[in-house]
Amino acid sequence: ESAGARSVLSLMASPLAKGLFHKAIIQSGYTLPDIPRRKALASGAALTRHLGLENPDAAQLRALPADTFWQLTAPHVIGPAPVAGDIVLPEPMLETFFAARQHPMPVMVGSNSDEASVLAYFGVNLEAQIRKLRRERRFGLGLIRLLYPAVRGDRELGRQVCRDMAFTTLGFVVMQAQSRRGVPCWRYWFDYVAEAERDTYAHGTWHGNEVPYVFDNLALADPVKAYATAADRAFAGQVADYWVRFATDATAQSQALDGPVRWLACVRGRDRLLRIGMNKKAGWRLENRFMRARLALFKRVMRYHVTLD
C-alpha cells in the first residue's frame, strides 16, 4: 500500500526481479515521478555536507543514528519515490508501464475515494493547486470543470483533481499496460467508511483506511477500531475474501473472482472496475469505463503536474 505499492510496481519494472514472484497487489500507488539517479546522487552529496561529512564511506554513513534522518527537513528530504537509472531500475517505472514492458502476471490494483487526504502531510494545498492551474493555463481549467460538473468550489475541485491525477490514474495506466501484455488486471475503487467514522471521514475513504478491511482485522483489540459494528466486520470479511481468492486462485488465464458480485478482470481491452463500497456505505458494483474521460486526460499530463515541489 502507498510506498509499498510503488515498491511492487518497481519490482514489476526491474529486470533483476524477473521470475521472483508471480502476481501482484497494488493498493493506492501514486504517479509521483521516480528520482533520476543523477539527482539522487547530488542530493546525497548535499546531505552528507549538511551533516559535516566529507566524502564519507559506507561504514561512516551506516554509523549515523536513525534520529539523524527523522529530524531532517527540506531540502534534505526527498519524496517517496524510487531512484531510476541504475541496474535495479534502468528506466522510470511509469515509462515501463506506458510502454507495457512490465513483467507479465495477474495484478490487482486500485485506490480510495479520498486519497487527497495524504497530500496535506506533504504540504500540498489542494485549493492552491486549482489556482495554480488557473494562473499558469497549462491546460484548460474549463475542461476540468466539464469533467467534474457537480463539484463546487476550488477546494473540493482540488481535492478530486489531485486525487485522480496522483492516485486514480495510476490504476488506469496499469490496467492498459496489462491489457497490452495479455494478462488480467482486477481494478477497484474503495469507498467504504465504518459506520462510526462517517462524520469524521466526510469525503470518503482516506489514504490507507482500506488496509484493516483487506486483512479483516477490524475485530482485533485495537482501541482505534473497537467501535466497529457487525456490519463493518461483515463487509471487511467480504473484502478480505476477494484478496484471498486473488492470492490463491488467480492465474494468467483467469477472468473473474467470485464474491458478492462476480469481479470480472480487465482483459482484451475491456475497461472494468469494481466499486467496493458506495458513497461510504456497503455495496458492490462492477462498472465499465470508470472515470474514463478524466483518467485519459490525466494520463497525458500527469508527468508534468504531479510533483511535491
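In the predicted model, a nonpolar surface patch is formed by Leu 16, Ile 87 and Val 88, with a combined accessible area of about 310 Å². Ile 87 is located in the loop that connects strand 3 (83-84) to helix 5 (93-98). The relative accessible area of Ile 87 is 66%, and the residue is classed as exposed because this value is over 50%.

Arg 163, a residue of helix 8 (residues 154-181), has a relative accessibility of 8% and therefore counts as buried, the cut-off being under 20%. A polar atom of the Arg 163 side chain lies 3.0 Å from the backbone oxygen of Ser 113. Apart from neighbours within four places in sequence, the contacts of Arg 163 include Asn 112, Ser 113, Asp 114, Glu 115 and Ala 116. Thr 168, Trp 189, Met 291 and Arg 294 are also among them.

The structure contains 13 aromatic pairs. One of these joins Tyr 121 and Phe 122, whose ring centres are 5.0 Å apart; the angle between the planes is 85°, so the pair is edge-to-face. Tyr 121 is exposed, at 70% relative accessible area, whereas Phe 122 is partly exposed, at 36%. Trp 243 and Trp 263 form a tilted pair, with a centre-to-centre distance of 6.4 Å and 50° between the planes. Trp 243 belongs to helix 10 (residues 230-249) and Trp 263 to strand 7 (residues 263-264), so this pair ties together parts that are 20 residues apart in sequence. Both Trp 243 and Trp 263 are buried. These two residues also belong to one aromatic cluster together with Tyr 188, Phe 190, Tyr 192, Tyr 213, Phe 235, Tyr 242 and Trp 284.

Technical notes
Residues numbered from 1 in each chain as written. Predicted model: local features only at pLDDT ≥ 70, side-chain atom pairs only at ≥ 80, totals over all residues. Heavy atoms only, no water. Patch = residues over 30% accessible without salt bridge, like charges linked within 9 Å, V, L, I, M, F, W, Y side chains within 5 Å. Areas by Shrake-Rupley, 256 points an atom, 1.4 Å probe, with all protein chains shown as cover. Salt bridge = Lys/Arg side-chain N within 4 Å of Asp/Glu carboxyl O. Helix = DSSP H or I, 4+ residues; strand = E, 2+ residues; numbered from the N terminus. Buried < 20%, exposed > 50% of the residue type's maximum accessible area, 1.4 Å probe, protein only. Polar contact = N/O pair within 3.5 Å; in protein donor to acceptor, adjacent residues only side chain to side chain. Contact = heavy atoms within 4.5 Å. Phe/Tyr/Trp six-rings, centres within 6.5 Å; stacked < 30°, edge-to-face > 60°.
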